[in-house]
Amino acid sequence: MSPLIREHFNLELSLARLAEKSSDFKTAWKHLARAHILGQYFAGPHLLTHILMFRLGFKTWNLSEILGQIPRLILAAPGSWFKKAPKGNTGLSNVGIFQPLEIPDDLKQLLNR
């Protein structure tokens, strides 16, 4: 992971934590999804985002996310190692595990550097 992508990945995680602390869970999910897009090609960051999503699912009693994160936790690192992570996928349970999505323009610019 390049230093620039790492910086933005960490920023998204920090923003997710701040939103979670203020009980703004919608914003926390948004920032975790953006962190996932940035980190999904790197096993450690990819797995970390799913751990944090799983944890936030428990904190918010979101059964869909809790159950949806279990297979993602298992597949995250291998998906990164074998380059099977679908581009733009948010990592959230409302999106298929292998479904590619459009990458937001600001993140696309970062990833294309």
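## Salt bridges and a helix: worked exercises

In this predicted model, the side chains of Lys-108 and Glu-102 form a salt bridge, with N to O at 2.7 Å. Let's start from that pair.

**Exercise 1.** Work out whether Lys-108 is buried, partly exposed or exposed, and do the same for Glu-102.

*Solution.*
- Step 1: the cut-offs are under 20% relative accessible area for buried and over 50% for exposed, with partly exposed in between.
- Step 2: Lys-108 has 28% relative accessibility, so it goes down as partly exposed.
- Step 3: Glu-102 comes out at 61%, so this one is exposed.

**Exercise 2.** Take the salt bridge between Glu-12 and Arg-34. Find which helices the two residues sit in, then classify each by burial.

*Solution.*
- Step 1: check the distance. The side chains meet at 2.8 Å, N to O, and the cut-off is 4 Å.
- Step 2: place the partners. Glu-12 belongs to helix α1 and Arg-34 to helix α2; with their positions 22 residues apart, the pair links distant parts of the chain.
- Step 3: look at accessibility. Glu-12 has just 6%, so it counts as buried. Arg-34 is buried too, at 16%.
- Step 4: look for further partners. Glu-12 and Arg-34 are joined with Asp-106 in a network of salt bridges.

**Exercise 3.** Repeat the analysis for Arg-55 and Glu-20, whose side chains also meet in a salt bridge.

*Solution.*
- Step 1: the N to O distance is 3.0 Å.
- Step 2: Arg-55 lies in helix α3 and Glu-20 in helix α1, 35 residues apart, so to speak a link between distant parts of the chain.
- Step 3: Arg-55 is partly exposed at 38% relative accessibility, whereas Glu-20 is buried at 8%.
- Step 4: for the tally, the whole model has five salt bridges by this rule.

**Exercise 4.** Describe helix α3: how many residues does it have and what span does it reach, which residues are buried, and what do they pack against?

*Solution.*
- Step 1: α3 covers residues 43-59, which is 17 residues.
- Step 2: from first C-alpha to last it reaches 24 Å, close to the 24 Å expected at 1.5 Å a residue.
- Step 3: pick out the buried positions. Among them are Ala-43, Pro-45, His-46, His-50, Leu-52 and Leu-56.
- Step 4: find the neighbours. The buried residues of α3 pack against α1 (3-21), α2 (25-39) and α4 (63-81).
- Step 5: see what comes after. Trp-61 follows α3, and its phi is positive, near 50°.

Note on methods:
Residues are numbered from 1 along each chain as its sequence is written. This is a predicted model: local features need pLDDT of at least 70, side-chain atom pairs count only at pLDDT 80 or more; totals for chains, interfaces and linings use all residues. Side-chain values use heavy atoms; hydrogens and water are left out. Helices (H or I, at least four residues) and strands (E, at least two) are DSSP runs, numbered from the N terminus. The expected span of a helix is 1.5 Å times one less than its number of residues. Buried means under 20% relative accessible area, exposed over 50%, partly exposed in between (1.4 Å probe, protein chains only). Contact means heavy atoms within 4.5 Å.
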